[in-house]
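Colleague: Please pick one part and look at it closely. Then work outward along the chain from there.

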Amino acid sequence: MFNTWRLQLLVQFEVLGTMHRVAEVMNVSASTVSQQLSLLERETNTVLFERAGRRVRLTLAGHEFARQVHSVLGELELIENSMNGKSSIMQGTVRVAAFASALRSIVIPAAADIREQYPSLETKMFEMEPGQSIPALDLHQTDIAIVAYFGKPTLDKRDRKLVALGSDALKIVVGQHNELAQRTSTAIDALDKQRWAMEFDSAYLSDYLKHLCRESGFAPQIGGVFASYAAMQEAVRRDLMICGLPELAILSDEGVSLLDLAPARHRNIFMVTRASQRNVKAVQAVYSAIQASAKQVLDDAAATAGDGQSGQSGQSA
């Protein structure tokens with residue numbers, strides 16, 4: 001009989017890639033992780049790991065075993081959930097990871113509705129970018145992930161269930177004294193002389209904006225690099241730079257002008273859960289509340305965008 005905890009460590013390693021990261025997530029030492037996975041190798045009588053330079057990685061047999069283990073852990077979760085689901089009381093804790101603007105505008109209002117409707121059900125929230133929240137979901141650290149991509153992501157694999165929540169338009173935000181402030185829309189190639197406020201490299205939004213600029217034949221002039229959308233918008237409000245932001249991320253239009261992109265670009269927002277939780281009452285309750293909250297918020301955003309589009313049609317990017 002395999003030790004379940006060691007199987008969980010193996011799945012953690014497959015996703016996270018290093019003993020050190022697994023140790024951080026599991027709150028144990030890296031040596032403990034290494035020892036336990038060595039025991040798992042002996043239990044399976046299979047070489048699961050190999051050295052590649054100074055790093056350790058899974059062998060082909062290790063990847064195949066991890067894939068099988070992932071399915072087994074999902075089945076165990078199904079069994080546990082079916083036993084817990086026999087209670088008629090809506091209770092427990094559901095962990096939700098979401099990027100900042102969705103957390104503020106969709107998840108937090110949904111959590112407030114859940115608390116009012118089901119006082120014994122707790123929604124625990126974590127602010128995470130998609131690159132963090134999907135691995136956390138796969139590792140059973142969270143139960144629901146809210147993610148956003150420009151285009152359709154490749155998330156429908158493993159034990160995941162994916163549902164589209166809607167989309168919001170990408171806007172160009174400029175200060176009121178900017179030469180573009182009187183416009184209602186702009187093409188990317190008209191922004192080649194502007195100074196941009198951007199997120200750090202590798203953030204999905206800054207990567208996408210740089211991609212759009214490169215497609216139009218120029219590299220954006222970076223005036224500042226920010227971790228906070230609020231600080232980015234303040235720099236724009238004071239006419240130091242411009243920025244591109246999805247509608248949900250725009251805190252206020254005071255002191256700025258919002259321009260539609262022509263052609264339009266939209267960020268697609270998805271909710272991802274593990275399929276092994278599809279019958280868990282608590283997860284389903286939070287799932288439904290988030291869907292209802294997203295429908296209201298994203299419908300409102302779409303209506304607002306439609307009022308200012310002047311007949312322009314949107315297209316997914």
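Modeller: Start with the hairpin. Strand 1 and strand 2 form it, with two residues between them. Gly53 sits in that turn and has a positive phi of about 70°. Strands here are DSSP E runs of at least two residues, and helices are H or I runs of at least four, both numbered from the N terminus. Strand 1 covers residues 49-52, and strand 2 covers residues 55-58. The two pair in the antiparallel sense over four bridges; pairing requires at least two DSSP bridges. Ala52 has Arg55 as its bridge partner in strand 2.

A word on the basis. This is a predicted model, with local features requiring pLDDT of at least 70, side-chain atom pairs counted only at pLDDT 80 or more, and totals for chains, interfaces and linings taken over all residues. Residues are numbered from 1 along each chain as its sequence is written, and side-chain values use heavy atoms, without hydrogens or water.

Now step back from strand 1. The loop between helix 3 (30-44) and strand 1 holds Asn45. Asn45 is not a glycine, yet its phi is positive, about 55°. It is exposed, at 73% relative accessibility. The cut-offs are under 20% for buried, over 50% for exposed and partly exposed in between, with a 1.4 Å probe and protein chains only.

Other positive phi values turn up further along. His140, just after helix 6, has a phi of about 65°. Helix 6 itself spans residues 130-138, and its buried residues are Pro130, Ser133, Ile134, Ala136, Leu137 and Asp138. Asp239 is another non-glycine case, with a positive phi of about 60°. It lies in the loop between helix 8 (229-237) and strand 10 (243-246). Asp239 is partly exposed, at 30%.

Compare the hairpin with a parallel pair. Strand 3 (residues 92-98) and strand 4 (residues 121-127) pair in the parallel sense over seven bridges. Ala97 stands opposite Phe126 there. Helix 5 (residues 100-117) joins these strands in a right-handed β-α-β unit. Right-handed means that, with the strands pointing away from the viewer, the path from the first strand over the helix to the second runs clockwise. Ala112 belongs to helix 5 and is partly exposed, at 37%. Its C-alpha is 8.9 Å from that of Thr123, 11 residues away along the chain.

Strand 9 (residues 221-226) holds Val225 and also Phe226. Phe226 is buried, at 17% relative accessible area. Val225 is partly exposed, at 47%. As a general rule, side chains in a regular strand alternate between the two faces of the sheet. Beyond its neighbours within four places in sequence, Phe226 is in contact with Ala197, Met198, Glu199, Phe200, Ala231, Met232, Ala235 and Met241. Contact means heavy atoms within 4.5 Å. The C-alpha atoms of Phe226 and Ala197 are 7.1 Å apart, across 29 residues of sequence.

On the surface, Val225 joins Phe200 and Ile222 in a nonpolar patch with about 270 Å² of accessible area together.

One last backbone detail. Ala262 and Pro263 are joined by a cis peptide bond, with omega about 0°. Pro263 lies in the loop between strand 11 (256-261) and strand 12 (266-274).

Key: Patches are made of residues with over 30% relative accessible area and no salt bridge: like charges are joined within 9 Å, nonpolar side chains (Val, Leu, Ile, Met, Phe, Trp, Tyr) within 5 Å. Accessible areas come from the Shrake-Rupley method with a 1.4 Å probe; for residues, only the protein chains shown count as cover. A salt bridge is a side-chain nitrogen of Lys or Arg within 4 Å of a carboxyl oxygen of Asp or Glu.
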